[in-house]
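Welcome! Keep the model open beside you and work through these exercises one at a time, trying each task before you read its solution.

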Amino acid sequence: MKTIEQIRADFPELERIVHNKTLIYLDNAASTIKCKSVIDAVTRHYSFDAANIHRGVHYLSETGTMQYESTRDALREFINSESREQVIFTKGTTESINLVAWSWGIDNLKKGDEIILTTLEHHSNIVPWQLVAERTGAKVVEAPVDDNGDIILSELKKKLNSNTKMVAFNLISNALGTINPVKEIIEMAKSVGAKTLVDAAQAIAHMKIDVQELDCDFLAFSSHKMFAPTGVGVLYGKKDLLNAMSPWQGGGDMIDVVTFEKTTYNELPHKFEAGTPHIAGVIGLKYAIEYIQEIGLSRIEEIEHELLTYATKKFSDIKGLKIIGTAKHKSAVISFVIDGLHPQDIGTILDQQGIAVRTGHHCTQPLMKRFGITGTTRASFCFYNTKEEIDKLVAGINKAIELLG
Ligand code: C6P
């Protein structure tokens, strides 16, 4: 088993000096830093293996195709998809959700239909549905949260009816860290025949996800939040749904035969993968999956829970600090406000001390409105963070209070 020092040595960015201080990276919910094996794989690809895939008969095209497709196999196993064809590469969670909204949504929604979203959603899981609702006449319905940032299940239940066609929600809230009762919500949605989309952007690198056990219709996540490159995402879908859906983007690779009279489409998953993809990124992602598996998701959960508990306790001693998001089941994310201080000013003073956090509305404006605020300062931890770093964060916040207060 790797020690924390060995784990930290796998992430070169942790040695970065920012404003003359060793970086303390606490913005993992925005994007995780990258592990060495991923960086090496991407460098190797661009140095020696760069070529297009799925197209050439030459050596590099074939090896590239093999490597790219082996990431799909690794992902199939990682999320326990029924088959590899159900794992579709996209640009990110945002594109995965847009794919479902624009393909499944346009074909399946009509006037009077309802799409239930929760107040916790990231804009990526609100706006695509609003756009498709405008086109189809369907309606977006909001399921509220309580003062802790938990979805009020009784309210959600009241909103479900025979018009509900889709329930789309996140597994973990990026802004508050709430871990949602995903199985329960899926069962509720299924009881009225609605489809479900789980936004797993914040969960994929932090807890075990088994799509068959969840029985979700769609699941979306991003590679860059799991120690791998930006510009790569994944959409999992149930096979019958994906087969019935129309392609949403046209171009190379997604076709079978093209004539000016009629075009027929490739099979899954290629039907949804038009154009040259982010080959190096997908190849790198496999190494991230292997890294997560090496550390183990149960150990990751354990370490991160300990960091959350430690930080929550330390934060409770800071005068004037209020944690926004106090759900019982939380991931290692703490959003907070401090009386009289602007989150951006807090973030700037922390940055001067080499501490990276995120400030603002976190792409969740409806959620901020629900709590009567315009934004928070958010520290999001990962298994490579330490209690010493949290101590420095607390000292940094106290310094901000002293300077700004
Ligand atoms: N949240 C954050 O700082 P993309 O940008 O497509 O990789 O992911 C979008 C997205 C969707 N859903 C959730 C729950 C998310 O957290 C995110 C990204 C980042 O919280 C950047 S806004």
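**Exercise 1: The ligand**

How many Å separate an oxygen atom of the ligand from an N or O atom in the side chain of T94?

Solution. Before starting, note that this is a predicted model.

Step 1. Find the side chain of T94: one of its N or O atoms is 2.5 Å from an oxygen atom of the ligand.

Step 2. Look for other polar partners. For R358, a side-chain N or O atom is 2.5 Å from a ligand oxygen, and for H224 the corresponding distance is 2.7 Å.

Step 3. Now consider how much of the ligand is hidden. On its own, the ligand has 510 Å² of accessible area, and the protein covers 88% of that.

Step 4. Widen the view to the whole surroundings. There are 17 residues around the ligand, with T94, D199, Q202, S222 and R358 as the closest.

**Exercise 2: A serine in a loop**

Decide whether S124 is buried or exposed, and find what its side chain meets.

Solution. Step 1. Locate S124 in the loop that links β5 (114-118) to α5 (127-136).

Step 2. Apply the cut-off: a residue is buried under 20% relative accessible area. S124 has 10%, so this residue is buried.

Step 3. Follow the side chain. S124 makes a polar contact of 3.1 Å with the side chain of T94, and another of 2.9 Å with the side chain of H122.

Step 4. Leave out residues up to four places away in sequence, and S124 touches T94 and I97.

**Exercise 3: The sheet and its edges**

Work out the strand order of the open sheet and say which strands stand at its edges.

Solution. Step 1. Trace the seven strands in the order β4-β10-β9-β8-β7-β5-β6; the pairing is mixed.

Step 2. Check the ends. β4 (87-90) and β6 (139-143) each have a single partner strand, so each has one side without a neighbour in the sheet.

Step 3. Add the twist, which averages 20° from one strand to the next.

Step 4. Examine the pairing at each end. β4 runs antiparallel to β10 (residues 233-237), with four bridges, and F89 has V234 as its bridge partner. β5 and β6 run parallel and are joined by five bridges, with L117 opposite E142 of β6.

Step 5. Finish with a helix: α7 (residues 182-191) lies across β7 (164-170) and β8 (195-199), at about 170° to β7.

**Exercise 4: The two faces of a strand**

Sort the residues of β5 by face and judge how well each face is covered.

Solution. Step 1. Recall that side chains in a regular strand alternate between the two faces of the sheet.

Step 2. Place E114, I116 and T118 on one side of β5, and I115 and L117 on the other.

Step 3. Read off the cover. Both faces are covered, and five of the five residues in β5 are buried.

**Exercise 5: An isoleucine in a helix**

Which residues is I349 in contact with, leaving aside its neighbours within four places in sequence?

Solution. Step 1. Find I349 in helix α12 (residues 343-352).

Step 2. Use the accessibility. The value for I349 is 9%, so I349 counts as buried.

Step 3. List the contacts: G396, A400, L403 and L404.

Step 4. For a sense of scale, go to T259. This residue is 90 residues from I349 along the chain, and their C-alpha atoms are 60 Å apart.

Definitions and conventions: Residues are numbered from 1 along each chain as its sequence is written. This is a predicted model: local features need pLDDT of at least 70, side-chain atom pairs count only at pLDDT 80 or more; totals for chains, interfaces and linings use all residues. Side-chain values use heavy atoms; hydrogens and water are left out. Helices (H or I, at least four residues) and strands (E, at least two) are DSSP runs, numbered from the N terminus. Buried means under 20% relative accessible area, exposed over 50%, partly exposed in between (1.4 Å probe, protein chains only). Contact means heavy atoms within 4.5 Å. Two strands pair if DSSP finds at least two bridges between them. Axes are lines fitted to C-alpha atoms, for helices over the stretch in contact, and angles run from 0 to 180 degrees between N-to-C directions. A residue is near a molecule or strand if one of its heavy atoms lies within 4 Å of it. A polar contact is a pair of N or O atoms within 3.5 Å; within protein, one must be able to donate a hydrogen and the other to accept it, and residues adjacent in sequence count only if both atoms are side-chain atoms. Accessible areas come from the Shrake-Rupley method with a 1.4 Å probe; for residues, only the protein chains shown count as cover.
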